[in-house]
Amino acid sequence: PLVLVAPIAQDDAAEAIRIAQSLRGQGHQVELDLRYRGARGNLRHADRSGFRHVVLIGERERADSAVLLRDMLKREERLVAQTDLSRALHGSEVPA
């Protein structure tokens, strides 16, 4: 499934790039969006473009070494540790 990785602000871009590269290295199909449209704009783009998952990285997520993972089919989102992100995308149950 396609994954959209999106930083919330320009300060989050370096972390988003690192996460996107890591996910690609683990076999995920990833689009990195650096247009800084905010969470709502990125979710709208993902919905229109058919992404299954959206990974949002903001200041709070960076501070916690986590990401906000949104499942676009189930319309659910949860905070996931960056170290658990690949497993979460594969559908494994990962604690928040």
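Is Tyr36 buried, partly exposed or exposed? Tyr36 is partly exposed, because its relative accessible area is 31%, and buried would need a value under 20%. I will come back to that residue. One caution before the rest: what you have in front of you is a predicted model.

Let me start with the whole chain. The protein has four helices and five strands. Going along the sequence, their order is β-α-β-α-β-α-β-β-α. The C-alpha atoms take up a box of roughly 30 × 30 × 25 Å along the principal axes. The radius of gyration is 12 Å, which agrees with the value near 12 Å for a compact globule of 96 residues.

Now the inside and the outside. Of the 96 residues, 44% are buried. The accessible surface is about 5,600 Å², and carbon and sulfur atoms account for 45% of that surface. As for contacts, take those with a sequence separation of 6 or more: 48% of them are between residues 24 or more positions apart. On charge, the protein has 15 positive and 14 negative charges, and the mean positions of the two sets are 5 Å apart.

Next, some individual residues. I will begin with a pair, Glu31 and His45.

Glu31 sits in strand β2, and that strand covers residues 29-32. His45 belongs to helix α2, residues 38-49. What joins their side chains? A polar contact of 3.3 Å links the side chain of Glu31 with that of His45. Their exposure falls into two classes. His45 counts as buried because its relative accessible area is 15%, and the cut-off for buried is under 20%. Glu31 has a relative accessible area of 29%, so Glu31 is partly exposed.

Both residues have other partners. Setting aside residues up to four places away in sequence, His45 touches Leu4, Glu31, Asp33, Arg35, Arg37 and Phe51. With neighbours within four places likewise left out, Glu31 is in contact with Val3, Leu4, Val5, Arg24, His45 and Phe51. You will find Leu4 in the list for His45 and again in the list for Glu31. Phe51 also appears for His45 and for Glu31.

Two distances can be checked on the structure here. Glu31 and Ala6 are 25 residues apart along the chain, and their C-alpha atoms are separated by 8.5 Å. For His45 and Asp33, twelve residues apart along the chain, the C-alpha separation is 9.8 Å.

Back to Tyr36, as promised. Tyr36 is in the loop between β2 and α2. Its phi is near 50°, which is a positive value in a residue other than glycine. Where else does the backbone do this? Ser65 also has a positive phi near 50°, and Ser65 is not glycine either. The loop that holds Ser65 runs between α3, residues 59-63, and β4. With a relative accessible area of 44%, Ser65 is partly exposed.

That brings us to strand β4, residues 66-71, which includes Asp71. Is Asp71 buried or exposed? Asp71 counts as buried, because its relative accessibility is 11%. A polar atom of the Asp71 side chain lies 2.9 Å from the backbone nitrogen of Leu73. Leaving out neighbours within four places in sequence, the contacts of Asp71 are Arg52, His53 and Glu76.

The last residue is Glu77, in strand β5, residues 76-81. Which residues does Glu77 touch, apart from those up to four places away in sequence? They are Leu68, Leu69 and Arg70. Glu77 is partly exposed, because its relative accessibility is 43%. Glu77 and Val55 are 22 residues apart in sequence, and the distance between their C-alpha atoms is 9.5 Å.

To close, three things to look up on the predicted model. One is the side-chain contact between Glu31 and His45, at 3.3 Å. Another is the positive phi of Tyr36, along with that of Ser65. The third is buried Asp71, with its side chain 2.9 Å from the backbone nitrogen of Leu73.

Definitions and conventions: Residues numbered from 1 in each chain as written. Predicted model: local features only at pLDDT ≥ 70, side-chain atom pairs only at ≥ 80, totals over all residues. Heavy atoms only, no water. Helix = DSSP H or I, 4+ residues; strand = E, 2+ residues; numbered from the N terminus. Rg over C-alpha atoms; globule rule 2.2 N^0.38 Å. Buried < 20%, exposed > 50% of the residue type's maximum accessible area, 1.4 Å probe, protein only. Contact = heavy atoms within 4.5 Å. Areas by Shrake-Rupley, 256 points an atom, 1.4 Å probe, with all protein chains shown as cover. Lys, Arg positive; Asp, Glu negative; His and termini not counted. Charge placed at Lys NZ, Arg CZ, Asp CG, Glu CD. Polar contact = N/O pair within 3.5 Å; in protein donor to acceptor, adjacent residues only side chain to side chain.
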